[in-house]
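Biologist: I am new to this structure. Please show it, and then explain the terms as we go.

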Amino acid sequence: MKQREPYNEPSKIEVDLDRISNLPAQIIDKILSHMSLKDAVRTSVLSSKWRYKWATLPNLIFDTDGLSVSAQDHAVIKSKIVSIVDHVLLLHMGSIHKFKLSHRDLQNVLDIDKWILFLSRGSIKEFILEIWKGHRYKLPSAIYLCQKLVHLELFNCLLIPPRTFCGFKCLKSLDLQHITMEQEAFEHLISSCSLLERLTLMNFDGFTRLKIHAPNLLFFDVGGMFDDLSFKDTSHLATVSIGLYSGYDNQNLGLASSGNLVKFFANLPRIQRLEVQSYFLKYLAAGMVPGKLSTPCNELSYLSLRINFNNLDECLAALCLLRSSPNLRELEIGARTEEQNTMRTIANFMEEKYQNFKFNRLHVVKISAISGFRQELNFIKFLLGSSPVLESMTIKPASIDGAWDMLKELLRYRRASVQAEIIYLDP
């Protein structure tokens, strides 16, 4: 008589592996989506069900963390990175929705052209390419065939769209940093992406006039050297941050017949947050500056300004902005202390201009990099005396020199709000 084989209770490891193997497909996909590509590939050893599951991932991210190549020779690093990307794309099954290539040691890789060509034949929606070293990488014409792109992010690239290019019809987010592009090509790119909602431009060359024609734009962030900035059909634009860097030619500054300040706000009726950084307030102050905009910025609740208090035109422009923002709730001011010479006496003039005006919604004020000059103190005095609902004013001087005397004077100023607290921060 055949004896019954004894029952062997499965080990804990076997039970755990069995549970992992029998997870629902959607749970496996969710787990893999939170892993780096490198770790996702490693899951292929768990069971036969997991073996090629990573090859269906819709998001492929090749960055420095995910591509940890241990080598010192650049040629070896380049070869290994190319081999990994080639291998993943060769074995991949299904659609690729997101492709990110960003490695600190990646440069002069011609294989990027063929990868972009491969992606252009699919339904890529997000494409991020960051070349951290070497010359600008010239994007191949295949990138302009990716008509399902929703997000495009480029770093250190040269863009030369073909003449037949009619824009990215689905693009909603565009991030261009350290890029080169011709003036006409840039204007056409922006105006032909009719669904564009977010636009970021940093450190660009090849064009100096920023003509932004984008009817659905909600967010705009720019930092660089340019001669002129204008908006067209941007009635939905709500968040704007602009930094005009030093080194520009004063003679090339754009100047509208009605003044740059009026021109700038003409197509921003819904602006809610505005950051005026570096030297951009100097640009806005060029030309005629009215005491108040004809159409107030009723939705503007946050304003950040970088200002030279010794420049009368900049002070007038800042005052116009403040008077034109009746619902301002938070104000941040940074003084540009590198410019202290002026030919005009400002202090008394500013005191006169600051009379009889109230900020009935202003709750928070932050002021930094001040040196205790009379015009700076007058401005603070004006804010404290004109803000009946102010809750806090944070002040951080540029240096410790004279800071104690400045603080003693500030504490003597009249406050329109009984709740207003002055917070002093060491430089």
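Modeller: A polar contact is a pair of N or O atoms within 3.5 Å; within protein, one must be able to donate a hydrogen and the other to accept it, and residues adjacent in sequence count only if both atoms are side-chain atoms. This is a predicted model, where local features need pLDDT of at least 70, side-chain atom pairs count only at pLDDT 80 or more, and totals for chains, interfaces and linings use all residues. Residues are numbered from 1 along each chain as its sequence is written, and side-chain values use heavy atoms, leaving out hydrogens and water.

Biologist: What joins the side chains of E314 and R336?

Modeller: A polar contact of 2.8 Å, which fits the limit of within 3.5 Å.

Biologist: Why is E314 called buried?

Modeller: Buried means under 20% relative accessible area (exposed is over 50%, partly exposed in between; 1.4 Å probe, protein chains only). E314 has 0%, so the word applies. E314 is found in helix α9 (residues 312-323); helices (H or I, at least four residues) and strands (E, at least two) are DSSP runs, numbered from the N terminus.

Biologist: What makes strand β6 largely enclosed by the rest of the structure?

Modeller: Six of the eight residues of β6 (residues 173-180) are buried, so the strand is largely enclosed.

Biologist: How do you know that β6 and strand β7 pair?

Modeller: Two strands pair if DSSP finds at least two bridges between them. β6 and β7 (residues 198-202) have five, in the parallel sense. Strand β5 (residues 151-158) also pairs with β6 in the parallel sense, over seven bridges; L152 has L174 in β6 as its bridge partner.
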